[in-house]
Amino acid sequence: MLCREHNLAAKPIVGRFAPTPSGFLHLGNVFCSLLAWLYAKSNGGKIILRIEDLDPQRCTRQKADQLARDLEWLGLIWDEGAYVSRDSEHYFQSQRSDIYAQYFAQLQEQGLIYPCFCSRAELHAAEAPHLSDGRIVYSGTCRDLTKEEREAKALKRAPAYRLQVEDTPISFTDGHYGQQSFNLAEESGDFIVRRSDGVFAYQLAVTIDDALMGITQVVRGCDLLSSTPMQLYIYRLLGFTPPSFCHIPLLVDATGRRLSKRDGDLEIAALRKIYGSPEPIIGFLAYLAGQIDKPEPLCVSDLLPLFAASKIPQQNIVVPEIKF
(Lines give C-alpha, C1' and ligand atoms only; values in the text may rest on other atoms or scores of the structure.)
Protein backbone atom coordinates (compact mmCIF):
# COMPACT_ATOMS: atom_id res chain seq x y z
CA MET A 1 0.00 0.00 0.00
CA LEU A 2 1.21 3.49 -0.84
CA CYS A 3 0.27 5.57 2.18
CA ARG A 4 0.89 9.29 2.57
CA GLU A 5 0.13 10.69 6.01
CA HIS A 6 2.20 13.56 7.30
CA ASN A 7 2.94 15.34 10.51
CA LEU A 8 3.70 18.88 9.42
CA ALA A 9 3.82 20.33 12.93
CA ALA A 10 7.54 21.01 12.68
CA LYS A 11 7.29 22.61 9.24
CA PRO A 12 6.17 26.16 8.50
CA ILE A 13 2.79 26.24 6.80
CA VAL A 14 2.95 27.34 3.17
CA GLY A 15 -0.46 27.39 1.53
CA ARG A 16 -1.55 28.48 -1.90
CA PHE A 17 -4.53 29.61 -3.92
CA ALA A 18 -4.22 28.58 -7.54
CA PRO A 19 -7.12 29.80 -9.67
CA THR A 20 -7.60 29.15 -13.37
CA PRO A 21 -8.38 32.40 -15.26
CA SER A 22 -10.80 30.78 -17.70
CA GLY A 23 -13.56 33.10 -16.53
CA PHE A 24 -14.13 35.79 -13.97
CA LEU A 25 -13.91 35.26 -10.22
CA HIS A 26 -17.18 34.12 -8.66
CA LEU A 27 -18.40 33.52 -5.13
CA GLY A 28 -17.32 29.86 -5.10
CA ASN A 29 -13.75 30.81 -6.05
CA VAL A 30 -13.65 33.41 -3.29
CA PHE A 31 -14.98 30.90 -0.75
CA CYS A 32 -12.07 28.58 -1.57
CA SER A 33 -9.46 31.35 -1.62
CA LEU A 34 -10.72 32.74 1.70
CA LEU A 35 -10.55 29.36 3.44
CA ALA A 36 -7.11 28.58 1.99
CA TRP A 37 -5.93 31.98 3.27
CA LEU A 38 -7.47 31.40 6.72
CA TYR A 39 -6.07 27.89 7.09
CA ALA A 40 -2.55 29.14 6.43
CA LYS A 41 -2.70 32.43 8.32
CA SER A 42 -4.44 31.00 11.39
CA ASN A 43 -1.43 28.70 11.80
CA GLY A 44 1.14 31.46 11.38
CA GLY A 45 1.92 30.42 7.83
CA LYS A 46 2.20 32.20 4.53
CA ILE A 47 0.23 31.82 1.32
CA ILE A 48 1.14 32.01 -2.35
CA LEU A 49 -0.95 33.08 -5.34
CA ARG A 50 -0.31 30.97 -8.43
CA ILE A 51 -2.14 31.44 -11.74
CA GLU A 52 -2.97 28.12 -13.41
CA ASP A 53 -3.25 29.33 -16.98
CA LEU A 54 -2.05 26.15 -18.68
CA ASP A 55 -4.70 26.18 -21.39
CA PRO A 56 -4.00 29.05 -23.83
CA GLN A 57 -7.39 28.66 -25.48
CA ARG A 58 -9.38 29.18 -22.27
CA CYS A 59 -7.12 31.36 -20.12
CA THR A 60 -6.14 34.95 -20.80
CA ARG A 61 -3.91 37.45 -19.03
CA GLN A 62 -6.80 39.93 -19.05
CA LYS A 63 -8.91 37.56 -16.95
CA ALA A 64 -5.95 36.85 -14.66
CA ASP A 65 -5.41 40.58 -14.16
CA GLN A 66 -9.07 41.09 -13.24
CA LEU A 67 -8.96 38.11 -10.90
CA ALA A 68 -5.98 39.59 -9.06
CA ARG A 69 -7.70 42.98 -8.76
CA ASP A 70 -10.82 41.36 -7.32
CA LEU A 71 -8.84 39.36 -4.75
CA GLU A 72 -6.98 42.48 -3.67
CA TRP A 73 -10.23 44.38 -3.34
CA LEU A 74 -11.60 41.61 -1.11
CA GLY A 75 -8.63 42.09 1.24
CA LEU A 76 -6.83 38.83 0.44
CA ILE A 77 -3.16 39.78 0.46
CA TRP A 78 -0.57 37.21 -0.64
CA ASP A 79 2.90 36.77 0.81
CA GLU A 80 4.37 35.91 -2.57
CA GLY A 81 3.34 34.84 -6.03
CA ALA A 82 1.80 36.32 -9.13
CA TYR A 83 1.37 40.12 -9.00
CA VAL A 84 3.31 40.16 -5.70
CA SER A 85 6.85 38.81 -6.11
CA ARG A 86 9.64 40.33 -8.17
CA ASP A 87 9.68 37.18 -10.28
CA SER A 88 5.91 37.35 -10.71
CA GLU A 89 5.96 35.55 -14.07
CA HIS A 90 7.42 32.52 -12.30
CA TYR A 91 3.99 31.96 -10.75
CA PHE A 92 2.11 31.71 -14.04
CA GLN A 93 1.91 28.12 -15.27
CA SER A 94 1.97 29.32 -18.88
CA GLN A 95 5.58 30.40 -18.26
CA ARG A 96 6.73 27.09 -16.75
CA SER A 97 6.51 24.63 -19.65
CA ASP A 98 10.28 24.09 -19.73
CA ILE A 99 10.18 22.99 -16.10
CA TYR A 100 7.34 20.56 -16.73
CA ALA A 101 9.21 19.16 -19.74
CA GLN A 102 12.19 18.26 -17.54
CA TYR A 103 10.09 16.18 -15.17
CA PHE A 104 8.05 14.71 -18.02
CA ALA A 105 11.35 13.45 -19.46
CA GLN A 106 12.24 11.99 -16.05
CA LEU A 107 9.03 9.95 -16.07
CA GLN A 108 9.75 8.87 -19.63
CA GLU A 109 13.15 7.59 -18.50
CA GLN A 110 11.35 5.44 -15.94
CA GLY A 111 9.42 3.82 -18.81
CA LEU A 112 6.05 4.87 -17.40
CA ILE A 113 4.80 7.23 -20.11
CA TYR A 114 3.36 6.14 -23.45
CA PRO A 115 1.57 7.84 -26.36
CA CYS A 116 -2.21 7.53 -26.55
CA PHE A 117 -4.01 8.03 -29.87
CA CYS A 118 -7.59 7.60 -28.61
CA SER A 119 -10.01 10.42 -29.41
CA ARG A 120 -12.49 11.65 -26.83
CA ALA A 121 -15.32 10.12 -28.86
CA GLU A 122 -13.54 6.76 -28.93
CA LEU A 123 -13.01 6.83 -25.20
CA HIS A 124 -16.67 7.53 -24.50
CA ALA A 125 -17.75 4.81 -26.91
CA ALA A 126 -15.36 2.14 -25.64
CA GLU A 127 -15.07 2.74 -21.91
CA ALA A 128 -17.61 2.57 -19.13
CA PRO A 129 -18.12 5.74 -17.05
CA HIS A 130 -16.92 5.46 -13.46
CA LEU A 131 -19.91 5.09 -11.16
CA SER A 132 -22.35 7.95 -11.80
CA ASP A 133 -20.02 10.91 -12.16
CA GLY A 134 -19.24 10.48 -15.86
CA ARG A 135 -15.50 9.99 -15.46
CA ILE A 136 -13.85 7.61 -17.87
CA VAL A 137 -11.71 4.76 -16.55
CA TYR A 138 -9.05 4.26 -19.20
CA SER A 139 -8.45 0.57 -19.92
CA GLY A 140 -4.97 0.91 -21.44
CA THR A 141 -5.98 0.67 -25.09
CA CYS A 142 -2.71 2.19 -26.34
CA ARG A 143 -0.40 0.95 -23.60
CA ASP A 144 0.89 -2.12 -25.42
CA LEU A 145 0.98 -0.87 -29.00
CA THR A 146 4.07 -1.96 -30.90
CA LYS A 147 6.59 0.55 -32.19
CA GLU A 148 5.24 0.03 -35.70
CA GLU A 149 1.63 0.55 -34.59
CA ARG A 150 2.56 3.77 -32.80
CA GLU A 151 4.42 5.10 -35.83
CA ALA A 152 1.48 4.33 -38.10
CA LYS A 153 -1.02 6.02 -35.77
CA ALA A 154 1.26 9.05 -35.35
CA LEU A 155 0.98 9.70 -39.10
CA LYS A 156 -2.76 10.29 -38.64
CA ARG A 157 -3.03 11.82 -35.19
CA ALA A 158 -0.81 13.60 -32.68
CA PRO A 159 -0.81 11.58 -29.45
CA ALA A 160 -1.52 12.59 -25.90
CA TYR A 161 0.77 10.99 -23.32
CA ARG A 162 -0.43 8.89 -20.40
CA LEU A 163 1.24 7.84 -17.17
CA GLN A 164 0.95 4.14 -16.39
CA VAL A 165 -0.50 3.53 -12.92
CA GLU A 166 -0.15 0.70 -10.43
CA ASP A 167 -2.92 -1.60 -9.27
CA THR A 168 -2.26 -0.60 -5.66
CA PRO A 169 -4.27 1.42 -3.10
CA ILE A 170 -3.12 4.95 -2.41
CA SER A 171 -4.22 6.14 1.03
CA PHE A 172 -4.05 9.49 2.76
CA THR A 173 -5.80 11.41 5.50
CA ASP A 174 -7.70 14.43 4.27
CA GLY A 175 -7.75 17.34 6.70
CA HIS A 176 -11.54 17.71 6.42
CA TYR A 177 -12.95 14.39 5.19
CA GLY A 178 -10.61 12.01 7.01
CA GLN A 179 -9.13 8.76 5.77
CA GLN A 180 -9.24 8.20 2.00
CA SER A 181 -8.15 5.31 -0.19
CA PHE A 182 -8.12 5.08 -3.99
CA ASN A 183 -6.92 2.52 -6.49
CA LEU A 184 -5.93 4.40 -9.64
CA ALA A 185 -6.15 1.30 -11.81
CA GLU A 186 -9.84 1.06 -10.87
CA GLU A 187 -10.69 4.75 -10.38
CA SER A 188 -9.06 6.35 -13.42
CA GLY A 189 -6.70 4.03 -15.23
CA ASP A 190 -3.56 5.45 -16.84
CA PHE A 191 -4.07 9.22 -16.91
CA ILE A 192 -2.96 11.98 -19.26
CA VAL A 193 0.10 14.05 -18.34
CA ARG A 194 0.48 15.85 -21.67
CA ARG A 195 -2.25 16.66 -24.13
CA SER A 196 -2.08 16.03 -27.86
CA ASP A 197 -1.54 19.77 -28.46
CA GLY A 198 1.59 19.70 -26.29
CA VAL A 199 0.04 21.38 -23.23
CA PHE A 200 1.05 19.67 -20.00
CA ALA A 201 -1.88 18.33 -18.00
CA TYR A 202 -3.09 19.67 -14.68
CA GLN A 203 -2.08 16.62 -12.62
CA LEU A 204 1.57 16.86 -13.64
CA ALA A 205 1.89 20.65 -13.56
CA VAL A 206 0.22 21.18 -10.20
CA THR A 207 2.31 18.48 -8.53
CA ILE A 208 5.57 19.92 -9.83
CA ASP A 209 4.56 23.46 -8.92
CA ASP A 210 3.49 22.62 -5.38
CA ALA A 211 6.71 20.68 -4.81
CA LEU A 212 9.08 23.31 -6.22
CA MET A 213 7.26 26.21 -4.54
CA GLY A 214 7.51 24.53 -1.14
CA ILE A 215 3.78 24.16 -0.59
CA THR A 216 3.09 22.22 2.62
CA GLN A 217 -0.70 22.63 2.78
CA VAL A 218 -3.23 22.37 -0.06
CA VAL A 219 -6.76 23.60 0.69
CA ARG A 220 -9.14 23.27 -2.25
CA GLY A 221 -12.65 22.21 -3.27
CA CYS A 222 -13.84 18.64 -2.69
CA ASP A 223 -14.38 18.27 -6.44
CA LEU A 224 -10.59 17.79 -6.60
CA LEU A 225 -10.45 15.08 -3.95
CA SER A 226 -10.13 12.36 -6.60
CA SER A 227 -7.13 14.20 -8.10
CA THR A 228 -5.12 13.76 -4.93
CA PRO A 229 -4.11 10.09 -5.44
CA MET A 230 -2.87 10.90 -8.95
CA GLN A 231 -0.75 13.70 -7.55
CA LEU A 232 0.54 11.56 -4.67
CA TYR A 233 1.58 8.96 -7.22
CA ILE A 234 3.52 11.57 -9.20
CA TYR A 235 5.08 12.89 -5.98
CA ARG A 236 6.41 9.42 -5.26
CA LEU A 237 7.70 8.81 -8.77
CA LEU A 238 9.57 12.15 -8.82
CA GLY A 239 10.91 11.82 -5.29
CA PHE A 240 9.05 14.85 -3.89
CA THR A 241 7.60 15.19 -0.39
CA PRO A 242 3.85 15.83 -0.71
CA PRO A 243 1.92 18.45 1.27
CA SER A 244 -1.05 17.82 3.51
CA PHE A 245 -4.41 17.98 1.74
CA CYS A 246 -7.65 19.48 2.99
CA HIS A 247 -10.69 19.46 0.74
CA ILE A 248 -13.60 21.72 1.52
CA PRO A 249 -17.29 21.63 0.52
CA LEU A 250 -18.48 23.43 -2.58
CA LEU A 251 -20.99 26.24 -2.84
CA VAL A 252 -24.03 25.03 -4.78
CA ASP A 253 -27.40 26.39 -5.86
CA ALA A 254 -30.78 25.08 -4.73
CA THR A 255 -30.62 22.25 -7.29
CA GLY A 256 -27.23 21.07 -6.05
CA ARG A 257 -25.34 22.47 -9.05
CA ARG A 258 -22.01 23.97 -8.05
CA LEU A 259 -21.30 27.61 -8.81
CA SER A 260 -19.11 27.95 -11.89
CA LYS A 261 -17.33 30.45 -14.10
CA ARG A 262 -19.06 28.94 -17.11
CA ASP A 263 -22.45 30.19 -16.00
CA GLY A 264 -21.31 33.49 -14.51
CA ASP A 265 -22.69 32.63 -11.10
CA LEU A 266 -22.36 35.54 -8.68
CA GLU A 267 -19.30 37.07 -10.29
CA ILE A 268 -17.34 39.28 -7.93
CA ALA A 269 -17.13 42.05 -10.52
CA ALA A 270 -20.93 42.32 -10.42
CA LEU A 271 -21.09 42.06 -6.63
CA ARG A 272 -18.54 44.88 -6.33
CA LYS A 273 -20.91 47.17 -8.20
CA ILE A 274 -23.90 46.12 -6.10
CA TYR A 275 -22.37 46.27 -2.62
CA GLY A 276 -19.49 48.68 -3.04
CA SER A 277 -17.33 47.16 -0.30
CA PRO A 278 -16.00 43.66 0.43
CA GLU A 279 -17.16 43.35 4.04
CA PRO A 280 -20.72 42.11 3.26
CA ILE A 281 -19.29 39.45 0.93
CA ILE A 282 -16.63 38.27 3.41
CA GLY A 283 -19.21 38.16 6.20
CA PHE A 284 -21.65 36.20 4.06
CA LEU A 285 -18.96 33.64 3.18
CA ALA A 286 -17.95 33.38 6.85
CA TYR A 287 -21.58 32.57 7.63
CA LEU A 288 -21.72 29.90 4.90
CA ALA A 289 -18.49 28.41 6.28
CA GLY A 290 -20.05 28.09 9.74
CA GLN A 291 -17.75 30.66 11.33
CA ILE A 292 -20.47 33.09 12.44
CA ASP A 293 -24.15 32.56 13.30
CA LYS A 294 -25.62 35.05 10.85
CA PRO A 295 -24.38 37.11 7.91
CA GLU A 296 -22.82 40.36 9.00
CA PRO A 297 -20.15 42.58 7.44
CA LEU A 298 -16.61 41.52 8.28
CA CYS A 299 -13.20 42.23 6.85
CA VAL A 300 -10.67 39.44 6.47
CA SER A 301 -8.63 40.57 9.49
CA ASP A 302 -11.80 40.47 11.65
CA LEU A 303 -12.44 36.90 10.59
CA LEU A 304 -8.95 35.56 11.22
CA PRO A 305 -9.17 35.30 15.07
CA LEU A 306 -12.64 33.70 14.74
CA PHE A 307 -11.59 30.98 12.33
CA ALA A 308 -12.10 27.35 13.40
CA ALA A 309 -11.72 24.67 10.73
CA SER A 310 -13.89 22.29 12.75
CA LYS A 311 -16.93 24.53 12.11
CA ILE A 312 -16.80 24.13 8.30
CA PRO A 313 -19.72 21.93 7.14
CA GLN A 314 -19.07 18.47 5.75
CA GLN A 315 -21.68 18.63 3.01
CA ASN A 316 -21.79 20.99 0.04
CA ILE A 317 -23.32 24.34 1.01
CA VAL A 318 -26.46 25.69 -0.62
CA VAL A 319 -26.19 29.42 -1.23
CA PRO A 320 -29.45 30.95 0.07
CA GLU A 321 -31.22 33.59 -1.93
CA ILE A 322 -30.78 36.36 0.60
CA LYS A 323 -29.26 39.79 0.53
CA PHE A 324 -25.79 40.07 1.99
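The paragraphs below walk through this predicted model, from its overall make-up to some of its individual residues.

Let us start with the chain as a whole. It contains 11 helices and 15 strands. Of its 324 residues, 51% are buried. If you take the contacts between residues at least 6 apart in sequence, 75% of them join residues at least 24 apart.

A good place to begin looking is strand 2, which covers residues 14–17. In a regular strand, side chains alternate between the two faces of the sheet. Here, Val 14 and Arg 16 point one way, while Gly 15 and Phe 17 point the other way, and all of them are buried. Strands of a sheet pair through backbone hydrogen bonds, in either a parallel or an antiparallel manner. Strand 2 runs parallel to strand 3 (residues 46–49), and 4 bridges join the two. Along this pairing, you can find Gly 15 opposite Ile 47, and Arg 16 opposite Ile 48. Step back a little and you will see that 3 strands form an open sheet in the order 2-3-4, with parallel pairing. Strand 2 and strand 4 are the edge strands, each pairing on one side only. Helix 1 joins the picture too: together with strand 2 and strand 3, helix 1 makes a right-handed β-α-β unit.

Helix 1 also leads us to the interior. The largest nonpolar core has 85 residues, and those that touch the most other members are Leu 27, Phe 31, Leu 163, Phe 191, Tyr 233, Leu 251 and Leu 285. Helix 1, at residues 27–41, gives the most to this core, with 11 residues. Which residues does Leu 285 touch, not counting those up to four places away in sequence? They are Leu 27, Val 30, Phe 31, Leu 34 and Leu 251. There is also a second, separate core of 7 residues, and among its members are Tyr 114, Cys 116, Phe 117 and Leu 145.

Now for the aromatic rings. A pair of aromatic rings is described by the distance of the centres and the angle of the planes. The structure holds 9 aromatic pairs. One of them is formed by Tyr 83 and Phe 92, which meet edge-to-face, at 5.6 Å centre to centre and with 65 degrees between the planes. Are these two rings buried or exposed? Phe 92 counts as buried because its relative accessibility is 1%, whereas Tyr 83, at 37%, counts as partly exposed. Another pair is Tyr 103 with Phe 240: their planes are at 55 degrees, so the pair is tilted, and the ring centres are 5.4 Å apart. This pair links distant parts of the chain, 137 residues apart, with Tyr 103 in helix 3 (residues 97–109) and Phe 240 in the loop between helix 8 (228–238) and strand 13 (244–248). Tyr 103 is buried, at a relative accessible area of 17%, and Phe 240 counts as buried at 17% relative accessibility. Elsewhere, Tyr 100, Phe 104, Tyr 161 and Phe 200 form one aromatic cluster.

Some rings have a charged partner as well. Phe 92 appears again here, with Arg 61 lying over its face at 3.8 Å from the ring centre. In a similar way, the charged end of Arg 162 sits over the ring of Tyr 138, at 3.6 Å from the centre.

Let us return to Tyr 83 for its backbone. Where does this residue lie? Tyr 83 is in the loop between strand 4 (80–81) and helix 3. Most residues other than glycine have a negative phi. Tyr 83 is not a glycine, yet its phi is positive, at about 70 degrees.

Our final stop is another loop, the one between strand 12 (217–221) and helix 8, where Cys 222 is found. How far apart are Cys 222 and Pro 249, in sequence and in space? They are separated by 27 residues in sequence and by 5.6 Å in space, C-alpha to C-alpha. Pro 249 is one of several contacts: leaving aside neighbours within four places in sequence, Cys 222 is also in contact with Tyr 177, His 247, Ile 248, Leu 250 and Asn 316.

How values were computed: Residues are numbered from 1 along each chain as its sequence is written. This is a predicted model: local features need pLDDT of at least 70, side-chain atom pairs count only at pLDDT 80 or more; totals for chains, interfaces and linings use all residues. Side-chain values use heavy atoms; hydrogens and water are left out. A nonpolar core is a set of buried Ala, Val, Leu, Ile, Met, Phe, Trp, Tyr and Cys residues joined through side-chain atoms within 4.5 Å. Buried means under 20% relative accessible area, exposed over 50%, partly exposed in between (1.4 Å probe, protein chains only). Contact means heavy atoms within 4.5 Å. Rings of Phe, Tyr and Trp (its six-membered ring) pair if their centres lie within 6.5 Å; planes under 30 degrees apart count as stacked, over 60 as edge-to-face and the rest as tilted. A charge sits over a ring if NZ of Lys or CZ of Arg is within 6 Å of the ring centre and within 35 degrees of the ring normal. Two strands pair if DSSP finds at least two bridges between them. A crossover is right-handed if, with the strands pointing away from the viewer, the path from the first strand over the helix to the second runs clockwise.
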